[in-house]
Amino acid sequence: QVQLVESGGGLVQAGGSLRLSCAASGRTFNSYSMGWFRQAPGKVREFVAGITWSDGRTWYADSVKGRFTVSRDNAKNTVFLLMNSLKFEDTAVYYCAARDNRLGNEWDYWGQGTQVTVSS
């Protein structure tokens, strides 16, 4: 059973930085992609960034390009989201997700989420 545990959320002023972590367990993740999503109050959950375990290929939502960086530590089975130049509109619960690329594009596994609050 895949387990994803996020950490690193908190309160930060606009313009500041935070780094989120997602510790993954329960599988060998070589064929997996990992994603970061967020959901603000009253809004639908949206994709933020993704990374493949095997070769570290990354992709981002336009709203965070140039500000957020996703990375992974294969030895520790941990994925990171470094968020710089944070804006008030980045306030949301951030979720880590995983999918097995051999099975399609559905994100099958989710963490419990971590709150990020950006004060203006």
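The following exercises, each with a worked solution, concern a predicted model.

**Exercise 1. The disulfide**

Task: Determine which cysteines form a disulfide, where they lie in the chain, and what handedness the bond has.

Solution:
1. A disulfide requires two cysteine sulfur atoms within 2.5 Å. The sulfur atoms of Cys22 and Cys96 are 2.0 Å apart, so this pair qualifies under that cut-off.
2. The count for the model is one disulfide. It links distant parts of the chain, since Cys22 belongs to strand E3 (residues 18-25) and Cys96 to strand E9 (residues 92-100), 74 residues apart.
3. The torsion about the S-S bond of Cys22 and Cys96 is about -75 degrees, and the disulfide is therefore left-handed.
4. Burial is assigned under 20% relative accessible area. Cys22 has 0% relative accessibility and is buried; Cys96, also with 0%, is buried as well.

**Exercise 2. The surroundings of strand E9**

Task: Identify the strands that pair with E9, and state how far E9 is enclosed.

Solution:
1. Strand E4 (residues 32-39) pairs with E9 in the antiparallel sense over eight bridges. Within this pairing, Tyr32 has Asp100 of E9 as its bridge partner.
2. Strand E11 (residues 114-119) is also antiparallel to E9, with three bridges between them. Here Ala92 is matched with Val116 in E11.
3. Strand E10 (residues 109-110) is joined to E9 by two bridges, again in the antiparallel sense. In E10, Trp110 stands opposite Ala97.
4. Of the nine residues of E9, eight are buried, so the strand is largely enclosed by the rest of the structure.

**Exercise 3. The four-stranded sheet**

Task: Give the order of the strands in the open sheet that contains E3, and explain why two of them count as edges.

Solution:
1. The order of the four strands is E1-E3-E8-E7, and their pairing is antiparallel.
2. Strand E1 (3-7) and E7 each have a single partner strand, so one side of each lacks a neighbour in the sheet; these two stand at the edges.
3. From one strand to the next, the twist averages 15 degrees.
4. E3 and E8 run antiparallel and are joined by six bridges. Leu18 faces Met83 of E8 across this pairing.

**Exercise 4. Positive phi values**

Task: Locate Asn77 and Ser85, and classify the accessibility of each.

Solution:
1. Most residues other than glycine have a negative phi.
2. Phi of Asn77 is near 50 degrees, a positive value in a residue other than glycine. Asn77 is placed in the loop between strand E7 (68-73) and strand E8 (78-83).
3. Phi of Ser85 is likewise positive, near 50 degrees. Ser85 is found in the loop between E8 and E9.
4. Partly exposed residues fall between the 20% and 50% cut-offs. Asn77, at 23% relative accessibility, is partly exposed, and Ser85, at 41%, is partly exposed too.

**Exercise 5. The environment of Val12**

Task: Decide whether Val12 is buried or exposed, and list its contacts beyond four places in sequence.

Solution:
1. Val12 is part of strand E2 (residues 10-13).
2. Its relative accessible area is 12%, so Val12 is buried.
3. Not counting residues up to four places away in sequence, Val12 touches Ser17, Leu18, Leu86, Thr117, Val118 and Ser119.
4. Arg45 lies 33 residues from Val12 along the chain, and the C-alpha atoms of the two are separated by 21 Å.

Definitions and conventions. Residues numbered from 1 in each chain as written. Predicted model: local features only at pLDDT ≥ 70, side-chain atom pairs only at ≥ 80, totals over all residues. Heavy atoms only, no water. Buried < 20%, exposed > 50% of the residue type's maximum accessible area, 1.4 Å probe, protein only. Pairing = 2+ DSSP bridges. Contact = heavy atoms within 4.5 Å. Axes fitted to C-alpha atoms, helices over the stretch in contact; angles between N-to-C directions.
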